[in-house]
Amino acid sequence: MMLTPSDYVLGTSTWAMGTSPYFSISRSVASFANTDMKGLRYGNWVSPRNKFYAKSSDSDVDNREVDTQFSPQNASLSTNGGNPSTSLLSFLCPLLKFFSGGDPSGERNDTLEVLTSSLSSLARFPWGSKSLSDSLGTTNTIDPPMRLQLFEFEACPFCRRVREAITELDLSVEVYPCPKGSLRHREMVRRFGGKEQFPFLIDPNTDITMYESGDIVKYLFEQYGQGRKPSAGLLESTLVTGWVPTLLRTGRGMTLWEKARLDPPPKMLELFSYENNQYARIVREALCELEVPYILQNVGEGSSRSKFLIDAIGSKEVPFLIDPNTGTQIADYKKILLYLFQTYSTDSSTSMPVT
């Protein structure tokens with residue numbers, strides 16, 4: 001079943017790029033009863049005084065409260081200019097862009113692309129490839145009633161840590177890419193969370209919003225791990241090998257492409273992927289550079305979603321892209337790249353249907 005995208009509500013005036021209803025905005029303020037204090041354990045609990053409402057793409061509820069104001073302790077942290085990873089990435093961004101392959105929509109050296117992505121996968125080999133469902137003796141993963149919403153960008157090693165955890169938990173999430181130069185999603189993070197820092201997680205099932213990748217991973221496993229723990233070294237290894245894919249891929253998935261469309265697609269694309277797949281990585285980089293939001297359907301080894309892929313394309317190979325806006329389904333990463341840059345470019349002659 002194809003799902004409609006999230007509607008974000010931020011004020012009485014419309015804040016949108018283009019005419020899509022996807023980012024229509026209005027504001028609500030409500031009291032918060034029966035506060036769940038478990039959020040305090042992660043140091044990211046938000047005050048109940050002001051809330052923004054987000055309607056998740058698979059929600060049967062029109063309005064869900066998403067807390068957006070941090071405690072005084074966290075408010076002081078939000079003015080420190082971001083974390084060290086943000087500063088380092090800001091320094092690396094122009095340097096990596098200089099050594100990159102140039103225009104991401106142009107002709108690529110496929111051998112080099114796959115080689116550097118494969119080496120990136122090797123550097124993170126123990127993480128982000130398998131679902132831990134097998135440890136429970138079941139392959140029937142049950143997603144939360146409403147999809148989690150992750151704001152991140154592909155080149156960030158700390159965002160990668162969260163995506164690896166999501167693969168292990170076999171979760172389906174909504175991804176809102178936030179490349180440097182972002183026209184939409186970075187502004188949403190500032191409004192929802194109070195500062196521009198990534199990754200940023202919204203869980204509409206528990207009314208919790210969180211920064212800090214380590215806290216997010218611990219939260220995800222406590223909330224959705226059914227007693228499981230992250231794979232050994234997942235949290236600790238990021239500072240050692242987490243930067244390797246960023247460097248090997250010379251900043252792919254870091255910066256908004258200058259010809260990316262200003263208006264978001266009316267419906268979210270769906271990408272079947274798992275974090276450490278060398279071909280899926282290249283597609284996620286493109287989605288990030290285009291700032292195209294998508295539903296990430298994780299299909300790591302042992303995932304319950306493997307059956308869908310087998311039924312749809314006759315194999316478990318990823319990536320597999322579904323675009324409900326055009327009725328397109330593609331299983332080859334090179335064809336997916338060509339399609340994305342043709343369809344979601346300002347130079348594209350493809351007209352996007354408005355729903």
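Begin by selecting Phe 158 and Trp 243, which are both buried, a word that here stands for a relative accessible area under 20%, with exposed meaning over 50% and partly exposed in between (1.4 Å probe, protein chains only). What you have open is a predicted model, in which local features need pLDDT of at least 70 and side-chain atom pairs count only at pLDDT 80 or more, while totals for chains, interfaces and linings use all residues. Residues are numbered from 1 along each chain as its sequence is written, and side-chain values use heavy atoms, leaving out hydrogens and water.

Next, the aromatic rings. Across the whole structure a search finds 10 aromatic pairs, where rings of Phe, Tyr and Trp (its six-membered ring) pair if their centres lie within 6.5 Å, and planes under 30 degrees apart count as stacked, over 60 as edge-to-face and the rest as tilted. Select Phe 153 and Phe 198, whose ring centres are 6.1 Å apart with planes at 80°, so the pair is edge-to-face. Phe 153 lies in the loop between β4 (148–152) and α4 (157–169), and Phe 198 in the loop between α5 (185–193) and β6 (200–203), so the pair ties together parts that are 45 residues apart in sequence. The helices (H or I, at least four residues) and strands (E, at least two) are DSSP runs, numbered from the N terminus. Phe 153 is buried, with a relative accessible area of 5%.

Stay on Phe 153 and add Arg 186, whose charged end sits over the ring of Phe 153, 5.5 Å from its centre; this description requires NZ of Lys or CZ of Arg within 6 Å of the ring centre and within 35 degrees of the ring normal. Then select Phe 151, Tyr 176, Phe 192, Phe 200 and Tyr 211, which ring pairs link into a cluster, and add Lys 195, which lies over the face of Tyr 211 at 4.8 Å from the ring centre.

Now move to Gln 297 in strand β9 (residues 294–298), where this residue is buried, with a relative accessible area of 8%. Its side chain is joined to that of Ser 172 by a polar contact of 3.0 Å and to that of Glu 270 by one of 2.9 Å. A polar contact is a pair of N or O atoms within 3.5 Å; within protein, one must be able to donate a hydrogen and the other to accept it, and residues adjacent in sequence count only if both atoms are side-chain atoms.

Finish at Leu 262, in the loop between α8 (244–248) and β8 (269–273), which is partly exposed, with a relative accessible area of 48%.
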